[in-house]
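Me: Please take a close look at one part of this model for me: the interface between the chains. Start there, then work outwards to whatever helps me place it.

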Amino acid sequence: MILLDVKNLTLEMDIAGDWIKALDKVNLVINEGQIHALVGESGSGKSIIVKAIVGALPSHWRITADRMTWRGQNLLTMSLKKRRQLIRNDISVIFQNPIDSLDPLLTLGDQLKEMIPKTNLTKGWFWERNKQKQDIAISLLHKVGIKNHELCLKSYPHQIASNVIQKFMIAMAVASEPKLIIADNPTKGMEVTTKTQILNLLSRINQVRDMSILFVSHDLLAISSMASYMTVLYCGQTVESGDLRLLRKRAFHPYTKALLDSAPSFRKDLPAKSALTSLEGTIPTLHHLPTGCRLGPRCPRARRECVIMPVSRRVHNHYYSCHFPIHRDTK
Amino acid sequence: MLNILLRYTNLIIITLFILSLLSFALAYLFPGDPIEIMTGLKLEELQKLQNQSVNIGYDPEGGVLSQYGHYMSELFSGNWGVSFNSGQPLYEEIMQSLPASIELSAYALTISLILGLPLGFIAALRHHKLPDYTLLSFSVVGYSIPVFWLALILILVFSLHFGWLPLSGRLSLIFDVPNKTGFILIDILMSDIDNKHAVLLDALRHLILPTLSIAIVTTTLILRITRRSVIETLNSEFIQAAYARGLTTRQVLVRHGIRNALIPILPLLAMQFPTLLTNAMIVETIFSWPGIGSWLIQAIYQQDYSAIQAGMLAVSVFVVLFTMSIDMLLRLTDPKRKKVERGTI
């Protein structure tokens, strides 16, 4: 069943008087029980998509979409109150900077208990409820692998090590028992052992609790170890999306190919001491976005037609937007 | 905790020590003999007292250090000398006028807090909308008006033109309230005079104009500080995150917004206190309010050096103690600055 269906999401922000499309016709479909990876370079708008989904964007940015539904309910026309309620029940976000996204003046315990939905509390009196909340909080911490719950619950965010706080964020996300967890770059700047712990934790949550995960990252290794479906984002445009294994075997879009090639561990045929491949140039700034396909200036296969935005095409369950996809060559 | 207390005590003691040095130095900087300025007595009178074998500890031959030591011991024993002009002991005069000033500033500060904080919140919550612009333009106007001019205008309109409120003073001359604490409202409530109610009403009527003229400026200040801080807090990441977690606007504001917005405001408010006191001094002079401000300005007019020296010391000590203790209180209660205790979790 389709949980989240986003079609042609466009977000315009006002930068020095110009309306600039930070997101340009982004498509994203998340199914139930799926781990969906959203990949892109830094600055490609991954975090903005996340914020657009949960409605945490500044109100003066313009958001338009052909379709943005959550289990059939339209998120864009919904009242703010209803939308918050829906997000509180069904969607949780693990933010990129755990420490910044926690209230610095409240203990972690208070903030975790705030996320426990009232419907999970069975007892009547408030002291019983508080006790029950405490118990739920402790068991949540144990589930994400924090053993010293007492110290953790009564600490303030700045007093806790960053890997613990990342686990704590996961506990917070799980607390409301959502259908979808959006993990925005949860392994940012972590060493391998902690990263593995976090990734295992997320996969386990996906399997045991049947929660979908939208895994936003640029870490291809992490993605390939857990995700089943991948959407590639470049500069605010969805470039290609499809089953991860198929995508790895044969990418249609030049950018996806370049992205996969840039990760050495993905290429078994890479000879020793050969130069690593990478695309020329860097991702353009918001002020100097190319028209049409935004990869244009960097694309090895670009031709004149590329100044017109290619429409999204579909081969089975595999979507791509390119005038000159790679599979055409092989014919 | 103890560490912080010790550090602040240390800071206060050092600051007060420097203040006492400055005040001591004033005696040498003012024209006239230092001993005259410190005691408020003329040299001949001192000589006379010395001859009458009254031990006043006057030793013109002693070094500066022993003079300073003596000065300090007299300060602490409450012997601050006498005024050149009135011949009254300065300690008593200051202890009578300082409470009047504190009272006036306290009421003004209370009113500005009651008005300024909510208005600042309203402006920030309606950022870039009509209420924000309206409040902001009012605050710019209020902030730009000089206090003395505002006080005069208020007198002109409400006392002279309409005749609604009294022109000056703390209390109508027909009433006589025994002076106990120096705070007029408390004195009235504590005294057992007839028609207490009428006296209280009269005191309040006298309070309105001076309080208002100080409060308007301070309110605009507080409004602007609050507005800025609230806007910054609301734009911070954890507020956005709280929204993204599906909390309602009210929950976000009450649980996360207010506390975080207030924490950076309070030290700034404490820093506004000297400005407030300065404004109060000016307003006191205009309304002939018997506070430390008008008393000091009177002393300056009359070149009453001993009074200036003692008055400045008293006011500055009061300001230092007040601001530092607020600072310390905030430092002790701010969880963000709690010592990081990283245990293995």
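Reply: Let's fix one term up front: a polar contact is a pair of N or O atoms within 3.5 Å; within protein, one must be able to donate a hydrogen and the other to accept it, and residues adjacent in sequence count only if both atoms are side-chain atoms. By that rule, chain B and chain A share 9 residue pairs in polar contact, both residues of each being at pLDDT 80 or more.

Some housekeeping: this is a predicted model, where local features need pLDDT of at least 70 and side-chain atom pairs count only at pLDDT 80 or more, while totals for chains, interfaces and linings use all residues. Residues are numbered from 1 along each chain as its sequence is written, chains are lettered from A and ligands numbered from 1 in the order in which they are written, and side-chain values use heavy atoms, with hydrogens and water left out.

Back to the interface. In contact terms (heavy atoms within 4.5 Å), 27 residues of chain B touch 31 residues of chain A. Together the chains bury about 2,800 Å², with 57% of that on carbon and sulfur atoms; buried area here is the accessible area (1.4 Å probe) that two parts lose on being put together, summed over both. The rule finds 1 salt bridge across the interface (a side-chain nitrogen of Lys or Arg within 4 Å of a carboxyl oxygen of Asp or Glu). A:Glu114 and B:Arg255 form a salt bridge through their side chains, at 3.1 Å from N to O. On the chain B side, α10 (237–244) and α11 (249–287) are the elements giving two or more residues to the surface that touches chain A; helices (H or I, at least four residues) and strands (E, at least two) are DSSP runs, numbered from the N terminus. That side of chain B splits into 9 nonpolar, 8 polar and 10 charged residues (Ala, Val, Leu, Ile, Met, Phe, Trp, Tyr, Cys and Pro are nonpolar, Asp, Glu, Lys and Arg charged, the others, Gly among them, polar).

Zooming out on chain B, you get 13 helices and 0 strands. Its C-alpha trace spans about 85 × 65 × 40 Å along the principal axes.

Chain A brings in the strands. An open, mixed sheet of 8 strands runs in the order β7-β8-β9-β3-β10-β11-β13-β12 (strands pair if DSSP finds at least two bridges between them). β7 (91–94) and β12 (313–315) of chain A are at the edges with a single partner strand each, so one side of each has no neighbour in the sheet. Within this sheet, β8 (residues 180–184) and β9 (residues 212–217) of chain A run parallel, joined by 5 bridges, and A:Leu180 has A:Ser212 as its bridge partner in β9(A).

Helices lie against that part of the sheet too. Helix α2 (residues 80–90) of chain A crosses β7 and β8 of chain A, at about 75 degrees to β7(A). Helix α6 (residues 162–175) of chain A also touches β7 and β8 of chain A, its direction making about 170 degrees with that of β7(A). Axes are lines fitted to C-alpha atoms, for helices over the stretch in contact, and angles run from 0 to 180 degrees between N-to-C directions.

Salt bridges over all chains come to 10. One of them pairs A:Asp219 with A:Lys195, with 2.8 Å between the closest N and O atoms. A:Asp219 sits in the loop between β9 and α8 (220–226) of chain A and A:Lys195 in helix α7 (residues 192–209) of chain A, so the pair ties together parts 24 residues apart in sequence.
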